Amino acid sequence: MAFFDDLKKNAKTAADATKKKTNELTAIAKATMAVKSEENKMTELYKEIGRLFYEAERDGTDNAEVIAEYIMQIDKSKAKVASLKKKIASLKKVIVCESCGNEISNTCNFCPICGTKTPAKEECCCEEKAEECCCEESTEECCCCEEKAEECCCEENSEECCCCEEKAEECCCEENTEECCCEEDKAE
């Protein structure tokens, strides 16, 4: 009987690991598609700016306000792309070298490609050292929110963040921001 219990336990562990990896890959794919969408949007805006500039030079029309609006839209898209790329790197558990742009292990102190020193590792939103935070591991209890680590959404794209009841996309748990929305809710 113990054999079947062990078999059942091992099968459940394997299924849970597969589910977690599938969720991670799905989140990476969604974020990558969003990056491509924003990049396509920027390309179209660049083309439109060029067309408007050409018309302004050829016909003497004043398109400055429209061009300024497009520039603001491009800046917003660039910020969104940077945020999405940071999220993708976090999901892949890598960092992007600020100097050469290559993805490198988040454990490296220097980029193995160009030799640039990597930025200091940020503290986790739950005030644990980032290396010790269970949000990336499968431990008994999540250090952020006292949920079971398997149920914690800090590294997943679930509907609602278990830490702070924010929508997961709006929650800062994945972004290691200075002020965590989880901590604000705990203070209230």
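These legends accompany close-up views of a predicted model.

**Figure 1. The whole chain runs α-α-β-β-α from the N terminus.**
The protein chain holds three helices and two strands. Of its 188 residues, 28% count as buried. The chain exposes about 13,100 Å². Carbon and sulfur atoms supply 51% of that area. Among contacts between residues at least 6 apart in sequence, 29% join residues at least 24 apart. A search of the whole structure gives 11 salt bridges.

**Figure 2. Helix 1 spans residues 2–59.**
This helix has 58 residues. From first C-alpha to last, helix 1 reaches 85 Å. That is close to the 86 Å expected at 1.5 Å a residue. Just after helix 1, G60 takes a positive phi of about 80 degrees. At the end of the segment, D59 pairs with R58 in a salt bridge. Their closest N and O atoms are 2.9 Å apart. D59 is partly exposed, with a relative accessible area of 46%.

**Figure 3. Buried residues of helix 1 include E24, V35 and A56.**
The others in this set are A27, I28, A31, E38, M42, L45, I49 and L52. Two glutamates, E24 and E38, are among the buried residues. Helix 2 (64–92) is part of what covers the set. An α-helix has 3.6 residues a turn, so residues three or four places apart point the same way.

**Figure 4. The largest nonpolar core has 15 residues.**
Those with the most contacts inside this core are V35, I49, Y70, I74 and I88. Helix 1 and helix 2 each supply at least two of the core residues. Helix 1 gives the most, with eight residues. In soluble globular proteins, nonpolar side chains tend to be buried together.

**Figure 5. V35 is in contact with V81, L84, K85 and I88.**
Neighbours within four places in sequence are left aside here. V35 is among the buried residues of helix 1. V35 and I88 are both among the core residues with the most contacts inside the core. K85 also belongs to the contact set of V35.

**Figure 6. S77 of helix 2 is in contact with E38, K41 and M42.**
Neighbours of S77 within four places in sequence are again left aside. S77 counts as buried because its relative accessibility is 1%, under the 20% cut-off. Two of its partners, E38 and M42, are buried residues of helix 1.

**Figure 7. K21, E24 and K93 are linked in a network of salt bridges.**
E24 forms a salt bridge with K21, with the closest N and O atoms 3.8 Å apart. The two are three residues apart in helix 1, so about one helical turn separates them. Is E24 buried or exposed? E24 counts as buried, at 11% relative accessibility. K21 is partly exposed, with a relative accessible area of 46%.

**Figure 8. K93 lies in the loop between helix 2 and strand 1 (94–96).**
Phi of K93 is near 60 degrees. This is a positive value in a residue other than glycine. Most residues other than glycine have a negative phi, and most peptide bonds are trans. K93 is partly exposed, with a relative accessible area of 27%. K93 also belongs to the salt-bridge network with K21 and E24.

**Figure 9. R51 and E48 meet in a salt bridge through their side chains.**
The N to O distance is 2.2 Å. R51 and E48 are three residues apart in helix 1, so about one helical turn separates them. R51 counts as partly exposed, at 36% relative accessibility. E48 is partly exposed too, with a relative accessible area of 22%.

**Figure 10. F3, F4 and L7 form a nonpolar patch on the surface.**
Together they have about 360 Å² of accessible area. F4 has its place in helix 1. F4 counts as exposed because its relative accessibility is 54%, over the 50% cut-off.

Definitions and conventions
Residues numbered from 1 in each chain as written. Predicted model: local features only at pLDDT ≥ 70, side-chain atom pairs only at ≥ 80, totals over all residues. Heavy atoms only, no water. Helix = DSSP H or I, 4+ residues; strand = E, 2+ residues; numbered from the N terminus. Expected span 1.5 Å × (residues − 1). Buried < 20%, exposed > 50% of the residue type's maximum accessible area, 1.4 Å probe, protein only. Contact = heavy atoms within 4.5 Å. Core = buried A, V, L, I, M, F, W, Y, C linked by side-chain atoms within 4.5 Å. Patch = residues over 30% accessible without salt bridge, like charges linked within 9 Å, V, L, I, M, F, W, Y side chains within 5 Å. Areas by Shrake-Rupley, 256 points an atom, 1.4 Å probe, with all protein chains shown as cover. Salt bridge = Lys/Arg side-chain N within 4 Å of Asp/Glu carboxyl O.
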